[in-house]
Amino acid sequence: MSLLNKEVSPANAWAPGAEPICVADFEALAKAKMPATSWEYVTAGAGDELTVRWNAEAYQRIRLKPRVLVDVSNVDTRVRLLGQEHAFPILLAPASSQKLMHAQGELATARAAGASGTAMVLSSFSSTSLEDVAAVAKSPLWFQLYVQTDRGFTGELVRRAEAGGYRALCLTVDTPIAGARNRESRADVKLSPMPNLKGIAGVGSVSGIPTGSPDIFKNVFDAAMSWKDVEWLRSFAKIPLILKGVLNPDDADHAAKSGVDGIIVSNHGGRNLDTLPATIDALPQVADKVAGRLLVFVDGGIRRGTDVLKALALGANAVFIGRPYLYGLGAAGEAGVSKVISILQREFQMAMMLTGRTNVGSIDRSVIWT
Ligand code: FNR
C-alpha cells in the first residue's frame with residue numbers, strides 16, 4: 001500500500017487557494033452554503049446540546065503517546081468487517097433526508113463512498129429510495145432500520161434491502177422516541193419525502209410519499225420495540241445484524257448473548273438524550289464487557305484522523321462519521337463528501353505513522369498517554 005492513499009478530489013470543486021483542508025473548514029463552508037433550516041437540522045442536538053459538545057471535547061482531552069524510530073514506510077490501514085475487506089476503518093453513518101443538504105442527496109453520498117471505497121449506511125428515512133441508491137453504489141451498502149409499528153412493513157423493508165444487495169442491517173435501538181430537539185423545532189424543519197416508507201399509514205404525505213416535520217417520528221417509531229424484536233429480525237434476516245445506539249455495557253453484554261454481529265456505541269450524535277456521556281468515554285467499558293464476542297463500532301464527535309486512532313485504541317473495530325460528511329455534502333455534494341473522507345483517511349494514516357503503528361491490529365491502548 002502506498003505511503004499516503006491517493007486523494008479523490010474532482011477538479012474545479014473549489015476556487016484556487018480556497019480548498020478546504022480539514023473537517024472544520026467544511027463545517028464553515030456548509031454553513032455558508034446550506035439553507036439555514038438544513039443547517040439547523042444537521043447540527044442540532046437534544047436539550048442543551050451538552051452531549052453533542054462532549055462527544056467532540058472528549059476526544060480533545062485524550063492525549064496520544066508517540067513512538068519513534070519505527071519503520072513506517074509501509075502503513076496498512078485495512079480492516080476486515082463482516083467478512084469484507086475495507087481499505088480503512090471509517091464508514092458513513094446513516095443520516096436521513098440528505099436532499100435537505102444537497103439536491104443530489106444520498107446519490108452524491110453513495111457515489112463518493114464508492115469512489116473512496118468506504119461503506120455507507122443508508123437511513124430508512126433517506127430522501128432517495130434504497131433501490132435508487134443501490135443502483136449507483138460501487139462500495140458496500142448497509143441499511144439502517146427503524147422498526148415501525150407495522151411489523152409487516154418492517155419485514156418488507158428488510159427484504160427490499162436484501163434484494164437490493166445491502167450487506168448488513170443496522171437496527172437503531174436508541175430511538176423509541178426522538179429527543180427534545182429544541183433548535184430543530186424552532187427552525188421548523190420540514191423533512192424531505194421518504195420514498196422507503198411509502199405506504200406507511202399515519203404520516204403526512206406528498207403524493208403518497210411520507211414527509212413532514214420531524215414529528216413523523218412519533219408515528220413511525222415503535223416505542224414497544226424490545227429484545228424480542230431483535231430475535232424476530234434474526235429469525236428471518238439473511239444478512240448480518242448490528243445494533244446501533246448501545247452505550248450501556250450491560251446492554252452490550254445482552255447484545256453479545258443475543259447473537260447479533262455487532263454494536264455501534266452511539267448516542268445518536270447527541271440528538272436524543274442530552275447529558276449522556278461522550279461515546280469515546282463509554283467505549284472502553286463496552287469493549288471490556290463484550291471482550292471480542294462481537295464487532296464494536298463507535299460514532300459521535302469524530303472530526304480528526306487522530307480521533308479515529310483513539311477510537312481504535314480504546315476498543316473499536318472501526319468508526320462511523322455523521323456530520324463531517326454531511327458538511328461535505330452541503331458544501332460541495334459528491335466532491336465534498338469524497339474530500340472529507342480522504343482528509344480523515346489521510347489524517348488517520350499520518351496519526352498511525354506518528355505513533356509508530358504499521359497496521360490496524362497494532363493500535364492498542366498503549367497509543368494513549370495515561
Ligand atoms: C443522524 N443520525 C441518524 N441515525 C440513525 O440511526 N438514523 C437516522 O436516520 C439518522 N439521521 C441523522 C440525521 C442527521 C442530520 C444527523 C446529524 C444524524 C445519527 C448518525 O447516524 C450518527 O449516530 C451521528 O451523526 C454520529 O455523530 P457525529 O459524527 O454526527 O458527531
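What follows is a chat about the ligand site and three loop residues in a predicted model.

Biologist: Where does the ligand sit in this predicted model?

Modeller: The ligand sits in the largest cavity, and the elements that give two or more residues to the shell around the ligand are helix 2 (36-43) and helix 13 (323-354).

Biologist: Which element gives the largest share of that shell?

Modeller: That is helix 13, which contributes 3 residues to the shell around the ligand.

Biologist: And which residues come nearest to the ligand?

Modeller: There are 24 residues around the ligand, and those that come nearest are Pro94, Ser123, Thr172, Asp299 and Arg303.

Biologist: How do the shell residues divide into nonpolar, polar and charged?

Modeller: The shell around the ligand holds 9 nonpolar residues and 10 polar ones, with 5 charged residues making up the rest.

Biologist: OK, polar atoms next: what lies 2.7 Å from an oxygen atom of the ligand?

Modeller: That is a polar side-chain atom of Ser123. On the nitrogen side, an N or O atom in the side chain of Tyr146 is 3.0 Å from a nitrogen atom of the ligand, and a polar side-chain atom of Lys244 also lies 3.0 Å from a ligand nitrogen atom.

Biologist: How much of the ligand does the protein bury?

Modeller: The ligand exposes 600 Å² when taken alone, and the protein buries 98% of that area.

Biologist: Changing topic, what is the sign of phi at Leu82?

Modeller: Phi of Leu82 is positive, near 50°, and Leu82 is a residue other than glycine. Leu82 is placed in the loop between strand 1 (79-81) and strand 2 (84-86).

Biologist: Why does Leu82 count as partly exposed?

Modeller: Leu82 counts as partly exposed because its relative accessibility is 30%, and the partly exposed class lies between under 20%, which is buried, and over 50%, which is exposed.

Biologist: What about Asp188, where is that one?

Modeller: Asp188 is in the loop between helix 7 (182-187) and strand 7 (205-206). Its phi is near 55°, again a positive value in a residue other than glycine, and with 47% relative accessibility Asp188 counts as partly exposed.

Biologist: Last one, which loop holds Pro277?

Modeller: Pro277 lies in the loop between strand 10 (262-265) and helix 11 (279-290), and its relative accessibility of 40% makes Pro277 partly exposed.

Biologist: How far apart in space are Pro277 and Leu50?

Modeller: From C-alpha to C-alpha, Pro277 and Leu50 are 9.1 Å apart in space, while in sequence they are 227 residues apart.

Technical notes. Residues are numbered from 1 along each chain as its sequence is written. This is a predicted model: local features need pLDDT of at least 70, side-chain atom pairs count only at pLDDT 80 or more; totals for chains, interfaces and linings use all residues. Side-chain values use heavy atoms; hydrogens and water are left out. A residue is near a molecule or strand if one of its heavy atoms lies within 4 Å of it. A polar contact is a pair of N or O atoms within 3.5 Å; within protein, one must be able to donate a hydrogen and the other to accept it, and residues adjacent in sequence count only if both atoms are side-chain atoms. Accessible areas come from the Shrake-Rupley method with a 1.4 Å probe; for residues, only the protein chains shown count as cover. On a 1 Å grid over the protein atoms alone, a cavity is a set of points where a 1.4 Å probe fits but cannot get out, and a pocket is an open set with protein on both sides within 12 Å along at least five of seven lines; lining residues have an atom within 4 Å of a point. A molecule sits in a cavity or pocket if more than half of its atoms lie within 2 Å of its grid points. Helices (H or I, at least four residues) and strands (E, at least two) are DSSP runs, numbered from the N terminus. Ala, Val, Leu, Ile, Met, Phe, Trp, Tyr, Cys and Pro count as nonpolar, Asp, Glu, Lys and Arg as charged, and the others, Gly among them, as polar. Buried means under 20% relative accessible area, exposed over 50%, partly exposed in between (1.4 Å probe, protein chains only).
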